[in-house]
Structures are given as C-alpha cells and as structure tokens.
Amino acid sequence: MLNALHTPLRLHKKIILFIFVSLVLLHTWVPAAAAGLNDTDVLQQRQAMHSSAVNDIQATSMVPYYTIDGTVNPDPKKLTFTATETIVYTNRTSVALQNIGLRLYPNLTDVGGSCILTTVKVDGSVVTPKYGPQRYFVTVPLAQKLAAGKSVTLQIGFTTTAPTNADSNLFGTLVWDGTTLSMPYAYPMIAYLRGGMWDTTIPDSKGDIVSSEVSMYDVTLRGPSRGYTFVSTGSTLNTNTTGAEQSVRIYSGLQRDFAFALTKLIKKSQTVAGTTINVYGPASRASVTNAALAAAVAAVPIFNARIGQYPYNELDIISVDAGDFWGIEFPSFVLIEQDQYKINPDFEHLIVHEVGHQWFYNVIGNDVQRDAFVDEGLANYTELLYDQARNRATDAAGTIRYWKDDLDALRDNGNDGIVDQSIDVMSDDQYSTLSYSKAALYIDGVRLQIGEAAFATALKSYFTASKYRNVDGTAFRSAAQTACNCNLVSLYTQWILLK
Ligand SMILES: [Zn+2]
C-alpha cells in the first residue's frame, strides 16, 4: 500500500527458516488435486489464469477453496452483502489442528463495518463459534482434530455491512462513497497460520492488514443492474441480467484473497501481453483514468520481463472516495483514493507501486504485519525498474535519492531502526521509512554488490521459486546468493537485521 505516511511523493517476525523450508516441502509433497475440486471447477478456475499459467491450478493443490453466493444491496440505508459461503479447507501443516480460525475484517474498529455470522456448520453440523476482541478472530470448534492432510468443510451464513463515507479515522477500504460500494475482505476468511498456530492478533492498520494463503474462489454476486458493474479479483465468466437485477459468476484462479466492488464508475480497458487491464474512474476525470491505464499498461510488460509473467487474465484498478490511504493492493484488484487523481504529483508511481504489488504481495506472499518490508521494499523497487525500463534516468536517480534522503532524515532524528520487525512496534515514521525506503535501498545494495546479470537472474528465480507461497526476507536473499554464487548474509544483516 501507499498512504499519507509516505511523504513527500511516495506515497504492508521472521518465520524461522526451518518452518519456511518445511512449508515449501509440504507444498511440494501434496497430491495433484485440490480437495473438493472437480473437473468442472478446474476448467473454470483455469479461465481466470493467463494462458501461460493455466496448469498452475492443478499444480498448486489443496489450497482453501471458497464458494460464495450472495446479494449486494447498495441502498445507502443498507450497504449489505448477505451470502452463504462454503470453505473446503485442508490441513497442509504437519500437525493436527484443534480448531479452525476465521477472520472477520469488517468488524475491526479501524475498518468500521460489520460481519455478522448467522450460521456456522462443520461438515454439516451446526457449531458455536467463539469470538475474540472486536469480534475479529473467530474460533470454529471441531468435533475431532483435523489431521495433517485431511480436509474439513465449513458452511457459513453471514451479512457484511459497509460504513458510509469512511473518513481519515477509518482504514477506508470497506466503504460506500455514493458511487462505489467497495467490499474487500467482506467474507469470513481462513485465518493466517504462523508456525502451526492461528494468528489471532488484531492487525495494525498503519500498513496492509491481510496475510493469507493462496486460495481459490468461486463467487456468485447478485445486485441491481441499472448503471452498476461488479468489479472483482479474478475474472467474471458469466453475467445474467433479468429486469433490474444482475448476477455474475466469478472465478479467481490462485489468489491470496478476494475483493470486489459494485460501481457506477466509467471503465477504460486495454489488453497487454494477454492481460486485460481495466481502470474505473469518474467520468469527470477521464484524462486521469487514461493516465492510470497508460501507466499500468506500461508497467505490466516491464514486470513480466524483469520478474515473471503476471499469471492472471485480468487486473482491475478502481478509484474510491475513501479515507486514509493513497493506494492499496488486493489480488488482481487495486483501490486508489480518488483524491490522488487530482492532487498527487507522482500519481504515475502510485499506480506503478500498486501494480508492482501484484508480484510482491499477491503472487509472492509474506506476513505483511511481521515482515512488511518483504513486499513493500520490492514493490517500491518496481518503481525504479519501471523508470529504468522506460529510459528515464532522471526519474530513476530521483527515486534512489528520495529513498536515501528519507533514511537520512530518519537517522538525523535518531529514529533509525531494524527493518525486520513487526509494524506494531514501529512509529509511523519508522514504518514508512524502514519498510519502504530502507528496504528498497537494501535491494539496491544487493544489485550493486552482485551486478546486473546476477540481479536480473535473482529477480526471476525468486519469482519462480516463491510463486503462490509465503516467504520471508531470506527467500530473496537465497535467490540472489544462488545467482551470484556469493554470500549476502552480512549485507542482509547490516540492512535488515541491525539498525
Ligand atoms: Zn505498498
């Protein structure tokens, strides 16, 4: 994400290595068919993937599989999403799970909406969930432990309600702004496992708030047809309009979570390298919508070439009149705060940064609360890759200078700190400088030490090895060390682990 913390222009703990390696091995070991996934599901899910990535569906198996069917009501007096959800969840850890953890993001005080569960069933039997603080984390009891490799089916009824006119006191992503009903994480989501334990912590909203496993979604949304379009993660394969009602069937492919909006904004589209990019903006600002589209259309092929092929057919960017953030990434779905369309002199880099997150956040996942620098440092670095690929030497130099000045300012104030720490122990200044500027300077330090050829190899091998997984900072370091046949531990320690 980028927010007001990232002034002036720019602007989401370590997992122990052996756990990471264990998870990688577990991913490798699982059999080649996702639980609950029939041949029709496979065919449909493949359709959301870029032609080069369709076989990833079968190769990346046993991921959580969500089927959601619901109705959206954008009446300002309602602002509801009422749905049923089925989650087929397979225990991919090596230990039995006592229960299943769910997260209800709309209930977070900082998000300001609500998600009320009306029924919860486990393998067909009604259970009584237990709620944590803010009714965010939910413990779903199991009649018996879920052994490693075994699956369970949750059936949940829920209603999510969005706040109106989220202001700077709210995170602002879940919102009705009069034109768009923005509904990210509007459903009960499987919680994040860290070292075999459900993460029950209330996320700190100075950064990204969703860490998750790659999953697949089959979503049916119903809502009013007149003037409204559904925009979402993944691809819409069927649309039916009957009178004043429409319904859409969406398949996500392999994505980290699911976001959608119902909007009356105007769409501008272009297809590049097999991916259709849609930008939704106000009719009164068509030139800026076009500029956002141009930046995304330029960025995607650059990142395809430098990092790896964007594995989806679609990428949506939508403006919203929200609150606190400038831009925030969701899987194949980006929210841009509407004011940025007119006030941000570096609007192009804002778009590029959020597009870059599709590689570093969505395809390659990380713990965005404990290891924010893993995706933010590289998403920041994509801005430099973009400038350089477009032969904008002055802009590229300016980008690096900004990172250095930002870090110098933090040091001058005596606030330099460890990059690899949980964002809730950082001040706002530390978070914005350490996770973004200092982490990007570390990436540049790697590049300077290992040279252009090895750095180019490292970016690509990092993407290939980490695709659809969750990693920490050691994954990129390993890719770079292999590429240069050298040791980068002291560089990593200096930039990331020490002040
Ligand atoms: Zn970011």
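Start by selecting Arg249 and Asp218: they form a salt bridge, with the closest N and O atoms 2.7 Å apart. The term here means a side-chain nitrogen of Lys or Arg within 4 Å of a carboxyl oxygen of Asp or Glu. Arg249 sits in strand 18 (residues 245-251) and Asp218 in strand 15 (residues 216-224), so the pair ties together parts that are 31 residues apart in sequence. Helices (H or I, at least four residues) and strands (E, at least two) are DSSP runs, numbered from the N terminus.

A word on what you have open: this is a predicted model, in which local features need pLDDT of at least 70 and side-chain atom pairs count only at pLDDT 80 or more, while totals for chains, interfaces and linings use all residues. Residues are numbered from 1 along each chain as its sequence is written, and side-chain values use heavy atoms, with hydrogens and water left out.

Now switch on the surface around that first pair. Arg249 is partly exposed, at a relative accessible area of 30%, whereas Asp218 is buried at 5%. (Buried is under 20% relative accessible area, exposed is over 50%, and partly exposed is in between, using a 1.4 Å probe and protein chains only.)

Stay there and show all of strand 15. It's mostly covered, with 7 of its 9 residues buried. Strand 2 (residues 65-73) pairs with strand 15 in the parallel sense over 7 bridges, and you can find Asp69 bridged to Thr220 of strand 15. Strand 18 runs antiparallel to strand 15, and 7 bridges join them; look for Tyr251 in strand 18 as the bridge partner of Asp218. Two strands count as paired if DSSP finds at least two bridges between them.

Next, collect some more salt bridges. The whole structure has 12 of them. Pick Asp416 and Arg411, whose closest N and O atoms are 2.8 Å apart. Asp416 is buried at 12% relative accessibility, and Arg411 is partly exposed at 39%. Then go to Arg447 and Glu452, which meet in a salt bridge at 2.8 Å, N to O. Arg447 is buried, with a relative accessible area of 8%, while Glu452 is partly exposed at 48%. Finish this stop by selecting Arg194, Asp199 and Asp367, joined into one network by salt bridges that share partners.

Time for helix 8, residues 393-412. Its 20 residues reach 28 Å from first C-alpha to last, close to the 28 Å expected at 1.5 Å a residue (the expected span is 1.5 Å times one less than the number of residues). Colour Ala396, Thr399, Ile400, Tyr402, Trp403, Asp406, Leu407 and Leu410: these are the buried residues of the helix. Turn your view down the axis of helix 8 and its buried residues fall within an arc of 145°, so they line one face; the arc is that of the directions from the helix axis to the C-beta atoms. What do they pack against? The buried residues of helix 8 meet helix 6 (347-356), helix 7 (372-389), helix 9 (428-450) and helix 12 (489-497). On the face turned away from the buried side, pick out the exposed Ala393, Thr394 and Asp412. Just after helix 8, Gly414 takes a positive phi of about 75°.

Over to the zinc ion. Its protein donors are Met1 (N), Met1 (O), His353 (NE2), His357 (NE2) and Glu376 (OE), lying 2.1 to 2.4 Å from the ion. Donors are N, O and S atoms within 2.8 Å of the metal (3.2 Å for Na, K and Ca), and water is not among the atoms, so sites may look incomplete. Both His353 and His357 are buried.

From Met1, step along to strand 1. An open sheet of 6 strands runs in the order 1-23-24-22-21-20, with mixed pairing. Strand 1 (2-3) and strand 20 (266-272) stand at the edges with a single partner strand each, so one side of each is left without a neighbour in the sheet. Strand 1 pairs with strand 23 (residues 325-330) in the antiparallel sense over 2 bridges, and Asn3 stands opposite Phe325.

Last, select Ser319 in strand 22 (residues 314-320). Is Ser319 buried or exposed? Ser319 is buried, with a relative accessible area of 0%. Leaving aside neighbours within four places in sequence, Ser319 is in contact with Thr180, Leu265, Tyr280, Gly281, Pro282, Ile336, Gln338 and Tyr341, where contact means heavy atoms within 4.5 Å.
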